[in-house]
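Let's take a walk through a protein chain together. We'll begin with the overall picture and then stop at one residue for a closer look.

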Amino acid sequence: KQQPLCTPITRMASEFPKHASGRLIAVNENYICYSIKGNLIRVIHFIQVTRNKLEPHPAPLVDMEFTNADKLASLDSAGTLRVRRIFEQDGECNYSTDLNVSL
């Protein structure tokens with residue numbers, strides 16, 4: 001039996017904040033998003049296999065979730081909340097920031 005072809009997306013040791021109780025991975029029908037070093041979020045499009053890094057948060061991430069088909073909300077330990085629209089344009093994975101507030 002032949003194994004399906006797969007491509008690793010990341011491999012790294014991570015230290016999660018002790019107070020983190022939220023999700024550090026968000027998935028919808030088009031994208032997978034996950035926390036990486038430097039308070040960044042990596043976004044990968046399932047079909048196009050394009051990827052991008054979102055602008056970093058000022059502090060470690062504690063939660064992220066898709067709010068609808070294309071909007072990703074993320075919260076860091078300092079209380080910064082960002083909502084970004086994720087989209088494909090000209091064969092590249094892009095984003096725009098819809099909300100950036102400090103709570």
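Here is the chain as a whole, followed by the surroundings of Arg-82.

Keep in mind that what you're looking at is a predicted model. If you go hunting for helices, you'll come back with 0, while strands number 8. Reading from the N terminus, the order is simply β-β-β-β-β-β-β-β. The chain has 103 residues, and 35% of them count as buried. Its accessible surface adds up to about 6900 Å², and carbon and sulfur atoms make up 51% of that. How much of the contact network links distant parts of the sequence? Taking the contacts with a separation of 6 or more, 35% are between residues 24 or more positions apart.

Now let's zoom in on Arg-82. You'll find it in strand β7, which covers residues 80–89. Is there a salt bridge for this charged residue? There isn't: Arg-82 is buried without one. The nearest side chain of opposite charge belongs to Glu-55, and it sits 4.1 Å away. A salt bridge here has to be within 4 Å, so that distance doesn't qualify.

So what does the side chain of Arg-82 reach instead? One partner is the backbone oxygen of Glu-55, at 3.5 Å. Another is the backbone oxygen of Pro-56, which is 2.6 Å from a polar atom of the Arg-82 side chain.

Glu-55 and Pro-56 also turn up among the contacts of Arg-82 once its neighbours within four places in sequence are set aside. That list further includes His-57 and Pro-58, then Leu-72, Ala-73 and Ser-74, and also Leu-99 and Asn-100.

How values were computed. Residues are numbered from 1 along each chain as its sequence is written. This is a predicted model: local features need pLDDT of at least 70, side-chain atom pairs count only at pLDDT 80 or more; totals for chains, interfaces and linings use all residues. Side-chain values use heavy atoms; hydrogens and water are left out. Helices (H or I, at least four residues) and strands (E, at least two) are DSSP runs, numbered from the N terminus. Buried means under 20% relative accessible area, exposed over 50%, partly exposed in between (1.4 Å probe, protein chains only). Lys and Arg count as positive and Asp and Glu as negative; His and the chain ends are not counted. A polar contact is a pair of N or O atoms within 3.5 Å; within protein, one must be able to donate a hydrogen and the other to accept it, and residues adjacent in sequence count only if both atoms are side-chain atoms. Contact means heavy atoms within 4.5 Å. Accessible areas come from the Shrake-Rupley method with a 1.4 Å probe; for residues, only the protein chains shown count as cover.
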